[in-house]
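Please look through the sequence and the model that follow, and keep both in view while you read. The paragraphs below lead from the cysteines to the fold, and then to a few chosen places within the fold.

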Amino acid sequence: MEESTNFVNGYDRISPEDDESSAVPRQSPSSNRRRTVPVIITLGLFTVIIGAIIGALVVHLPPKKPSESHRSFRHRAAESIKAVCAVTKHPESCFAEVCSVDFGDVIDPEMIFNLTLRLAASEVANVSSLPKTLISKSSDLRTGSALRDCVSLFDDALSQLSWSVELMRVGPGDGEKVLTEEKVADLKTWISAAMTDQETCVEGLEEMGSTDVDEVKVRVQRSSEYMSNSLAILSNMEEILDWFGLHLH
Ligand SMILES: *[C@@H]1O[C@H](CO)[C@@H](O)[C@H](O)[C@H]1NC(C)=O
Ligand SMILES: *[C@@H]1O[C@H](CO)[C@@H](O)[C@H](O)[C@H]1NC(C)=O
């Protein structure tokens, strides 16, 4: 703004007075200060911004080598997960799946169980729409009735898993112990019921000689593996907690 005003004044300079009026402020100390102050502010801001960027980079760049305590946490977490997953029928997949989840800085048996349960629930949710999709493609009446049974069986399985996930959801600071003997019993009942639902569906399709049975079996396999992992951990929960110096309430 100041620049353009000076520029215009330069052209309009007719009288010495005008010349004077535009020249004098330029020479005055106050004008010098006015020009110096923005430069200082700009330089200062520039330094602050560069400093902040460097600071942010330093803070957010992950250290090249994880600190000793972090490495030992990851190591201990992996050992814990391995120990818990060892009680399942599919220890490798249990370990791989739990490790693939970002579980933060704390890991205990309840959390490991919680992770396997959430994986199971999302698999059950994933397959629950399958019978409906197959019904829309099928023209065989006998298969159709078996598939309709599967729709309600899979809906039930999904409910059982949803109740289980809800039971494990404990708000921060409400002081409630997550796992009690009663809760472990409920969780076992619901997860077993969901597994039975899926098996019943597969058996029904087999009885009808349905050509869809193979696809359903494949899709059910993963969720049933996750549920079986969760169940095995629950069944051994007291012993597992004991390894961690913890116990059921
Ligand atoms: C659901 O299952 C299908 C088929 O197995 C798979 O391709 C897809 O990735 C799954 N989706 C989720 C969200 O797990
Ligand atoms: C289990 O997972 C849910 C969903 O992430 C979470 O809200 C809950 O606090 C977890 N419970 C435990 C015991 O880790």
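**Cysteines, helices and a ligand**

When the whole structure is searched, two disulfides are found; the model in which they appear is a predicted one. A disulfide is a covalent bond between the sulfur atoms of two cysteines.

One of these bonds is formed by Cys 85 and Cys 94, whose sulfur atoms are 2.0 Å apart. The angle about the S-S bond is -65 degrees, and the link of Cys 85 and Cys 94 is left-handed. Are its two cysteines buried or exposed, if buried means under 20% relative accessible area? Cys 85 has a relative accessible area of 1%, and therefore counts as buried, while Cys 94, with a relative accessible area of 2%, is buried as well.

The other bond joins Cys 150 and Cys 201, with 2.2 Å between their sulfur atoms. Here the torsion about the S-S bond is about 95 degrees, so this disulfide is right-handed. The pair links distant parts of the chain, since Cys 150 lies in helix 8 (residues 141-168) and Cys 201 in helix 9 (residues 181-207), 51 residues apart. Cys 150 counts as buried because its relative accessibility is 1%, and Cys 201 is likewise buried, with a relative accessible area of 1%.

If the bonded cysteines are counted along the chain, the disulfides of the protein follow the pattern 1-2, 3-4. Cys 99 is in no disulfide, and the nearest cysteine sulfur, which belongs to Cys 85, is 7.5 Å away. That separation explains why Cys 99 is left out, because a disulfide requires sulfur atoms within 2.5 Å. Cys 99 has a relative accessible area of 28%, so Cys 99 is described as partly exposed.

With the cysteines placed, we can turn to the fold as a whole. The protein has 11 helices and zero strands, and its elements, read from the N terminus on, run α-α-α-α-α-α-α-α-α-α-α. Of the 249 residues of the protein, 33% count as buried. The accessible surface of the protein comes to about 15600 Å², and 58% of this surface belongs to carbon and sulfur atoms. How do contacts relate to distance along the chain? Among contacts between residues at least 6 apart in sequence, 70% join residues at least 24 apart.

A single residue can show what such a contact looks like. Ile 233 is found in helix 10 (residues 213-235), and with a relative accessible area of 0% this residue is buried. Although Ile 233 and Phe 113 are 120 residues apart along the chain, their C-alpha atoms are separated by 6.5 Å. Which residues does Ile 233 touch, leaving aside its neighbours within four places in sequence? Ile 233 is in contact with Val 84, Val 87, Thr 88, Ile 112, Phe 113, Thr 116 and Ile 240.

A charged residue offers a second example. Glu 123 has its place in helix 6 (residues 109-127), and because its relative accessible area is 12%, Glu 123 is buried. When its neighbours within four places in sequence are left aside, Glu 123 is in contact with Arg 222, Ser 223 and Tyr 226.

Helix 6 also leads us to a bound molecule, for helix 6 gives the most to the shell around ligand 2, with three residues. Which residues surround ligand 2? The shell is made up of Met 111, Asn 114, Arg 118, Met 168, Arg 169, Val 170 and Val 178, and its residues divide into four nonpolar, one polar and two charged.

Some of these residues place polar atoms beside the ligand. In the side chain of Asn 114, an N or O atom is 2.3 Å from an oxygen atom of ligand 2, and a polar side-chain atom of Arg 118 lies 3.2 Å from an oxygen atom of ligand 2. Met 168 takes part through its backbone, where an N or O atom lies 3.0 Å from a nitrogen atom of ligand 2. Taken alone, ligand 2 exposes 360 Å², and the protein buries 69% of that area.

Notes
Residues numbered from 1 in each chain as written. Chains lettered and ligands numbered in written order. Predicted model: local features only at pLDDT ≥ 70, side-chain atom pairs only at ≥ 80, totals over all residues. Heavy atoms only, no water. Buried < 20%, exposed > 50% of the residue type's maximum accessible area, 1.4 Å probe, protein only. Helix = DSSP H or I, 4+ residues; strand = E, 2+ residues; numbered from the N terminus. Contact = heavy atoms within 4.5 Å. Near = heavy atom within 4 Å. Polar contact = N/O pair within 3.5 Å; in protein donor to acceptor, adjacent residues only side chain to side chain. Areas by Shrake-Rupley, 256 points an atom, 1.4 Å probe, with all protein chains shown as cover. Nonpolar A, V, L, I, M, F, W, Y, C, P; charged D, E, K, R; others polar.
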